[in-house]
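Below are some notes on the model, set out as numbered points. Please read them alongside the coordinates.

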Amino acid sequence: MDKLFEPLTIGRITLPNRIVMAPMTRSRASAQGVPSELAIEYYSSRAQAGLLVTEATQTSPTGQGYARTPGLHNDEQSAAWKKIVDAVHKAGGRIFLQLFHVGRISHLANRTNDGPPVAPSSIPAAGNVWTDTLGMQPFDSPRALETAEIPAVIEEFASATRRAIGIGFDGVELHAASGYLHMQFLSSSTNRRTDAYGTNRLKFVVETLEAMVAAAGDSKRVGVKLSPAMPFNDISDDTPHETYSALTRSINPLHLAYLHLMRVPGFEIAPALRAAFTNGAFFLGGGYDYESAQRELASGGAGAIVFGKPFIANPDLPARFRNSIPLAVPDSSTFYTPGAKGYIDYPAAPRV
Ligand SMILES: Cc1cc2nc3c(=O)[nH]c(=O)nc-3n(C[C@H](O)[C@H](O)[C@H](O)COP(=O)(O)O)c2cc1C
């Protein structure tokens with residue numbers, strides 16, 4: 001029995017298989033955060049996935065930190081995204097939009113507004129980020145968000161959710177992973193606040209998800225991605241087991257569509273979170289191939305498997321899995337470069 005090809009119903013949609021395309025930044029949008037026309041083909045040619053999750057998309061100009069990432073906070077961006085959603089649906093697919101705010105992982109040259117980036121605390125991240133005008137630059141030093149400013153940041157996620165649902169997205173995913181703003185609130189190395197958002201580091205994530213659920217009008221149209229103990233973007237937590245177990249217990253009553261856990265090698269937390277997350281689907285990702293995905297599903301470790309890099313070079317990944325067709329290898333030098341090369345020029349395998 002091929003577990004990867006069993007359907008999975010999440011709210012009003014049914015995934016025809018348990019192969020989810022991971023959210024992946026591809027940096028093909030305009031400097032103003034408008035998705036490129038190329039993205040229409042990029043996403044719709046991958047519509048065989050049980051579910052597509054888009055690249056991380058900023059909810060405000062302040063939430064941008066990288067060159068050429070898309071936003072969903074103005075009408076021009078909405079119009080461009082709508083063409084992508086329509087094309088995916090026409091091709092028979094389902095698509096969630098991943099929403100994020102980078103927090104301190106940012107450089108002024110990559111933003112369309114002025115002023116420093118914002119974060120839970122004014123602690124800069126060690127490291128550098130690519131800018132199209134100045135090359136590699138150190139991350140900007142952030143300022144700490146005032147307590148009174150936080151509701152407006154949360155409202156930006158509600159507003160982007162309303163836009164996403166309004167243009168036909170099947171749902172939205174909160175990016176609370178990879179060292180961006182929501183993970184900065186969750187983590188002890190980046191959240192030194194003494195207000196309610198510091199004494200309870202879960203509060204910002206929980207309130208953002210509540211706002212997104214209210215905006216979507218259906219909790220099964222909202223998912224969340226977590227990456228406990230992932231050190232990417234200079235972040236750490238003193239007690240990740242406790243933090244993420246408590247977070248999962250706090251969000252379980254929201255009856256979300258899914259919890260998407262990105263595995264970190266050497267840090268075993270998936271079984272505990274899966275057991276605690278009883279009110280939604282459990283997605284696991286990070287380094288899976290066909291065999292390990294089958295084993296994970298067969299053992300009950302996850303409800304669906306998320307594939308990232310394999311989808312970059314194999315638009316027809318589900319068909320390749322089903323027909324045992326060897327996978328093409330992605331070229332990492334074109335992951336984030338503008339244009340069609342390495343984006344929409346990986347062919348589907350010839351039909352068998
Ligand atoms: C080019 C690239 C861009 C990525 N961008 C994002 C992103 O925007 N949001 C996110 O949550 N994860 C992002 N990731 C992480 C993937 O979603 C996924 O968790 C990771 O690649 C592990 O899965 P894999 O081993 O199947 O590739 C990105 C990964 C790659 C390779």
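1. This is a predicted model. A convenient place to start is Gly168, which takes a positive phi of about 105° just after helix H3.

2. H3 itself covers residues 150–166, 17 in number. From first C-alpha to last, H3 reaches 25 Å, close to the 24 Å expected at 1.5 Å a residue.

3. Which residues of H3 are buried? They are Ile150, Val153, Glu156, Phe157, Ala160, Thr161, Arg163, Ala164 and Ile165. The charged residues Glu156 and Arg163 are thus listed alongside nonpolar ones such as Ile150 and Val153. As background, residues three or four places apart on an α-helix point the same way, because there are 3.6 residues a turn.

4. The cover over the buried residues of H3 includes helices H2 (75–90), H5 (196–199) and H6, together with strands S5 (95–100) and S10 (171–176).

5. The largest nonpolar core has 92 residues, and the members touching the most others are Val20, Met212, Leu259, Phe283 and Ile305. Helix H6 (residues 203–216) supplies the largest share of this core, eight residues.

6. Leaving aside residues up to four places away in sequence, Met212 touches Phe157, Ala158, Thr161, Val172, Leu174 and Val222. Of these, Phe157 and Thr161 are also among the buried residues of H3.

7. There are 21 residues around the ligand, and Ala22, Thr25, Ala56, Gly308 and Lys309 come nearest. Strand S4 (51–58) and helix H10 (309–313) are the elements that give two or more residues to this shell. By type, the shell divides into 10 nonpolar, eight polar and three charged residues.

Key. Residues are numbered from 1 along each chain as its sequence is written. This is a predicted model: local features need pLDDT of at least 70, side-chain atom pairs count only at pLDDT 80 or more; totals for chains, interfaces and linings use all residues. A nonpolar core is a set of buried Ala, Val, Leu, Ile, Met, Phe, Trp, Tyr and Cys residues joined through C-beta atoms within 7 Å. A residue is buried if 20 or more other C-beta atoms lie within 10 Å of its own, exposed if 12 or fewer, and partly exposed in between; C-beta atoms are placed from the backbone. Helices (H or I, at least four residues) and strands (E, at least two) are DSSP runs, numbered from the N terminus. Two residues are in contact if their C-beta atoms, placed from the backbone, lie within 7 Å. A residue is near a molecule or strand if its C-beta atom, placed from the backbone, lies within 6 Å of it. The expected span of a helix is 1.5 Å times one less than its number of residues.
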